[in-house]
Amino acid sequence: MNFLFFTNIPQLKKNYPLKQREAALQLETDNVWVPNRETLINARKVIKNPTSVDLKELHDLKGELKAELIAYDEDFMRANNRFPNADEKEPIREVYDYYYGIRSIILVEEKKTTSEREEGK
């Protein structure tokens, strides 16, 4: 699915009349990239209670979040012929936050598992 991005709409430039900018914005609202809501809800639950899921589920969720980030970059690249910069990634900041949170939980859990195995030897 191709998405248009606000940064790529020439009608939004300030020198255009307000009606043109509003019309362009209205057309754009149907094409704004939105992350998978279910993935975000799952990530939110895991962040609040990391012990509620096992390591495999954490890895699966991390993969889903990574796929969302990649999809955004690819769609932006198709629309603008370049990758988004930091400011243009702001609409998906929440996905990045969850991704790095889940990644941190995985690192802690894997470290615990490794130390438990070493103590058992």
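When I say helix or strand in this talk, I mean a run assigned by DSSP, with at least four residues for a helix and at least two for a strand, and the numbering starts from the N terminus. With that in hand, the protein chain comes to 4 helices and 0 strands, and, read along the sequence, the pattern is α-α-α-α. Please keep in mind throughout that this is a predicted model.

Let me begin with the chain as a whole. Of its 121 residues, 27% are buried, and the chain exposes about 8600 Å², of which carbon and sulfur atoms supply 53%. If we take the contacts between residues at least 6 apart in sequence, 64% of them join residues at least 24 apart.

Now to the packing of the helices. In general, a pair of packed helices is described by two quantities, the angle between the axes and the distance between them. I will go through three pairs in that way, starting with helix 3, residues 55–80, and helix 4, residues 93–120, whose axes come within 9 Å and cross at roughly 150°. Angles over 145 degrees count as roughly antiparallel, and helix 3 and helix 4 are therefore roughly antiparallel to each other. The crossing of helix 3 past helix 4 is left-handed. On the helix 3 side, the residues making this contact include Leu 55, Leu 58, Leu 61, Leu 65 and Leu 69, together with charged side chains such as Lys 62, Glu 68 and Asp 73. Helix 4 answers with residues among them Val 95, Tyr 98, Tyr 99, Ile 102, Ile 105 and Ile 106, and also Arg 103, Glu 109 and Glu 110. Sorted by class, this contact holds 12 nonpolar, 1 polar and 7 charged residues.

The second pair is helix 2, residues 37–48, with helix 3, and here the angle is about 135° and the axes are 10 Å apart, which makes helix 2 oblique to helix 3. Helix 2 also passes helix 3 in a left-handed crossing. Thr 39, Leu 40, Asn 42, Ala 43 and Val 46 of helix 2 make the contact with Leu 58, Leu 61, Glu 64 and Leu 65 of helix 3, a set that divides into 6 nonpolar, 2 polar and 1 charged.

What, then, is the arrangement of helix 2 and helix 4? Their axes come within 10 Å and cross at roughly 45°, and the two helices are therefore oblique to each other, with helix 2 passing helix 4 in a left-handed crossing. From helix 2, Leu 40, Ala 43, Arg 44, Val 46 and Ile 47 meet Glu 94, Val 95, Tyr 98, Gly 101, Ile 102 and Ile 105 in helix 4. The residues of this contact divide into 8 nonpolar, 1 polar and 2 charged.

I would like to finish with one residue outside the helices, Pro 84, which is found in the loop between helix 3 and helix 4. Is Pro 84 buried or exposed? Buried means under 20% relative accessible area, and because Pro 84 has 9% relative accessibility, Pro 84 counts as buried. Leaving aside residues up to four places away in sequence, Pro 84 touches Tyr 72, Asp 73, Phe 76 and Lys 89. As for Asp 73, that residue lies 11 residues from Pro 84 along the chain, and the C-alpha atoms of the two are separated by 6.6 Å. Asp 73 is also one of the helix 3 residues in the contact with helix 4.

Terms used
Residues numbered from 1 in each chain as written. Predicted model: local features only at pLDDT ≥ 70, side-chain atom pairs only at ≥ 80, totals over all residues. Heavy atoms only, no water. Axes fitted to C-alpha atoms, helices over the stretch in contact; angles between N-to-C directions. Parallel < 35°, antiparallel > 145°, perpendicular 65-115°, else oblique. Left-handed = near helix turned anticlockwise from the far one by under 90°. Contact = heavy atoms within 4.5 Å. Buried < 20%, exposed > 50% of the residue type's maximum accessible area, 1.4 Å probe, protein only. Areas by Shrake-Rupley, 256 points an atom, 1.4 Å probe, with all protein chains shown as cover.
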